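Work through the exercises below with the model open beside you, and try each task before reading its solution.

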Amino acid sequence: MRPLSLRLRLMLLGGATILLVMALSVTMLAVLFDRHVQRVAVSDLRDRALVLLSVIEPGTLPQMRDQPRNPSWQLPFSGHYWQVWLGDQPLRSRSLWDVTLPVPADAPPPGEGRVLQLDGPGDQRLLALDQQVLIGQGATASPIRLIVAEDMEDSAQARAAFLRDLVPWLAGLAALLLAASFVQVTLGLRPLAQVGAHLRGLAQGRRRRLGDDLPAEVAPLARQLDHLLDDRDRELDRARHRAGDLAHGFKTPLQALLGDAEALRDQGRTEQADSIEHVVTVMRRHVDRELARARIRTDAAQARAHPAPVVARLVQVLRRTPAGAGLDWQVDLPQAVALRIDPDDLTEALGALLENAARHARSRVQVVLRANGDRVAIVIRDDGPGVPDTELARLAQRGVRLDQGGDGHGIGLAIVTDIAEAAGGRLELINMLPGLAAELHLPRHPD
C-alpha cells in the first residue's frame with residue numbers, strides 16, 4: 001500500500017485530537033454542571049431544613065406544633081419530602097403518604113450533615129440532606145434527626161437541556177478548529193515544497209547543493225542532504241583513484257605477459273602460449289570487473305553481507321597457500337550477524353587483511369567479532385612482529401594512501417580503508433606486542 005501523505009496524516013491526527021478534546025470537554029462540562037446543580041440543590045435543602053426546624057418546639061420531648069406550610073410537602077409524591085425523628089418513631093411529610101425513606105441506621109454527628117442519594121416513592125431517585133441537630137440549651141437539649149429530600153429528575157432534565165444547548169456551540173468550535181488546523185498544516189508544509197523545488201534543481205543541474213536559504217526547521221535536513229552529496233563526490237573520487245591504481249598496476253604486467261605468449265608462439269610452444277593468454281584473459285576480466293565496480297555507486301542502504309561464511313571461505317583458501325598452511329586459524333564469528341556492506345567488498349577487504357595476517361604471522365591468526373549496538377568490529381590478529389609505531393601512526397592518518405608512490409607496498413590496506421569508509425566504517429590498526437590487530441569497524445544490518 002502507498003503510505004499516506006504528510007498532509008493527510010497531520011489532518012487525520014489533528015482532527016482526531018480535536019474531536020477527542022471536544023468529547024472530553026462535553027464530558028467534563030457535564031460533570032461540572034452536575035456538581036454545580038447539586039451544590040445549588042443542597043443549599044436549597046439546607047434552607048428547607050431551617051424551615052422545618054422552625055416548627056419544632058424544644059422541650060424534654062420536642063414536639064412539632066404544626067405542619068410546615070409548603071405546598072410541595074403537602075402534595076402526595078410531589079418529589080419534595082421530609083422525615084423527622086422526635087423519639088423512636090419518624091414523622092413524615094404528607095407528600096410521602098405512607099412511605100418511609102430508607103435511610104442509614106447511624107445518624108451523622110450533631111451539628112453536621114451529609115448528602116445522600118435515596119430511593120423514593122414511585123422509583124424516584126432522591127437527593128437528600130441528612131442532619132442531626134440539638135434542640136434546646138444545656139443539659140435539656142435534645143437531639144433531633146431530620147432528612148429533607150427532593151427528586152433528582154429536575155436536575156437530570158436541566159442537565160439534558162444544558163447539553164442540548166452546549167453541543168451545537170462545541171460543534172461549531174470543532175469545525176473552526178479543523179479549518180484552522182488545515183490552514184496550519186498547509187502553511188507548515190510549504191518549506192517541504194521548497195526543499196522539493198531545490199531537489200528538482202539538483203536533478204536538473206541547476207543547483208550543486210540545497211544551500212542554507214531554507215527555513216530553520218528544514219535547514220538541518222538540507223545540511224544532511226548536502227553532506228550526503230559531499231560523501232557521494234568523495235566516493236566518486238575514491239572510485240577514480242581505485243580505477244587508476246588498478247589500471248596502472250596491471251596494464252604493464254599484462255602487456256608483458258602477452259608479449260611473452262607471442263614469443264612462445266613464435267617458437268612453436270603453442271600450448272604454453274595459450275595457457276598464458278588464458279591467464280591474462282582471466283586477469284583482464286577481473287580488472288574490468290573492478291574498474292566497473294569503481295564507477296558504480298553502491299547503495300549502502302540495501303547492501304547486506306554475513307561475515308562468518310565470507311571468513312570461512314577465505315580461510316579455506318589461505319590454508320592451501322604456503323603462507324597459511326602451517327598456521328593455527330582461530331575463528332569465532334556468529335553466523336547470524338549481518339553487516340551493511342556489499343558482499344564482494346567485504347570479501348575483498350577481509351581477504352586483504354587475512355592475507356596480510358597470514359604473511360606476517362609466526363604460528364597463529366585469530367579472527368573474532370565484537371558487536372556494540374549498531375556497530376560491529378571484525379578483529380584479525382596475528383602473532384607476528386607487528387608494525388613500527390612511526391609507520392603505524394602514519395597508516396592511521398585519515399586519507400593517507402600508501403600506493404600513491406613507490407613499488408606498490410600497502411595497496412591492500414589502502415583498498416580496505418576505501419571499502420570501509422565507503423560503507424560508513426573505518427579500519428584501525430593496533431600494535432599488540434607481539435603481533436598486529438586489524439579492526440574493521442562496519443555498520444550492522446538491522447535483521
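**Exercise 1. Which residues are linked in a network of salt bridges?**

Solution. The structure is a predicted model, and side-chain atom pairs count here only at pLDDT 80 or more. The network of salt bridges links Asp106, Arg114, Asp130 and Arg145. A search of the whole structure finds 11 salt bridges, and three further pairs are taken up in the next exercise.

**Exercise 2. Place the salt bridges of Asp34, Asp231 and Glu439 in the secondary structure, and judge how far each partner is covered.**

Solution. Begin with Asp34, whose salt bridge partner is Arg159, with the closest N and O atoms 2.9 Å apart. Asp34 belongs to helix α1 (residues 6–53) and Arg159 to helix α3 (residues 153–188), so this pair ties together parts that are 125 residues apart in sequence. Asp34 is partly exposed, at a relative accessible area of 31%, and Arg159 is likewise partly exposed at 31%.

Next, the side chains of Asp231 and Arg234 meet in a salt bridge at 2.1 Å, N to O. Both residues sit in helix α5, and because they are three residues apart, about one helical turn separates them. Asp231 is partly exposed at 35% relative accessibility, and Arg234 is partly exposed at 43%.

Finally, Glu439 and Arg370 meet through their side chains in a salt bridge of 3.3 Å, N to O. Since Glu439 lies in strand β12 and Arg370 in strand β9 (residues 364–372), the pair ties together parts that are 69 residues apart in sequence. For the accessibility step, recall that buried means under 20% relative accessible area. Glu439, at 8%, therefore counts as buried, whereas Arg370, at 42%, is partly exposed.

**Exercise 3. What volume does the largest cavity have, and which residues line the largest cavity?**

Solution. A search of the whole structure finds one cavity of 30 Å³ or more, and the volume of the largest cavity is about 60 Å³. Its lining consists of Leu353, Asn356, Ala357, Ile380, Asp382, Leu413, Leu429, Leu436 and Ala438. Two or more of the lining residues come from each of α9 (343–360), β10 (375–382) and β12 (436–443), and the largest share, three residues, is given by α9. Sorted by class, the lining has seven nonpolar residues, one polar and one charged.

**Exercise 4. Which residues form a nonpolar patch on the surface?**

Solution. The patch is formed by Leu6, Leu192 and Leu221, which together have about 240 Å² of accessible area. Of these, Leu221 is placed in helix α5 (residues 219–266) and is partly exposed, at 41% relative accessibility.

Methods:
Residues are numbered from 1 along each chain as its sequence is written. This is a predicted model: local features need pLDDT of at least 70, side-chain atom pairs count only at pLDDT 80 or more; totals for chains, interfaces and linings use all residues. Side-chain values use heavy atoms; hydrogens and water are left out. On a 1 Å grid over the protein atoms alone, a cavity is a set of points where a 1.4 Å probe fits but cannot get out, and a pocket is an open set with protein on both sides within 12 Å along at least five of seven lines; lining residues have an atom within 4 Å of a point. Grid points are joined across faces, edges and corners, and a volume is the space filled by probe spheres set on the points. Helices (H or I, at least four residues) and strands (E, at least two) are DSSP runs, numbered from the N terminus. Ala, Val, Leu, Ile, Met, Phe, Trp, Tyr, Cys and Pro count as nonpolar, Asp, Glu, Lys and Arg as charged, and the others, Gly among them, as polar. Patches are made of residues with over 30% relative accessible area and no salt bridge: like charges are joined within 9 Å, nonpolar side chains (Val, Leu, Ile, Met, Phe, Trp, Tyr) within 5 Å. Accessible areas come from the Shrake-Rupley method with a 1.4 Å probe; for residues, only the protein chains shown count as cover. A salt bridge is a side-chain nitrogen of Lys or Arg within 4 Å of a carboxyl oxygen of Asp or Glu. Buried means under 20% relative accessible area, exposed over 50%, partly exposed in between (1.4 Å probe, protein chains only).
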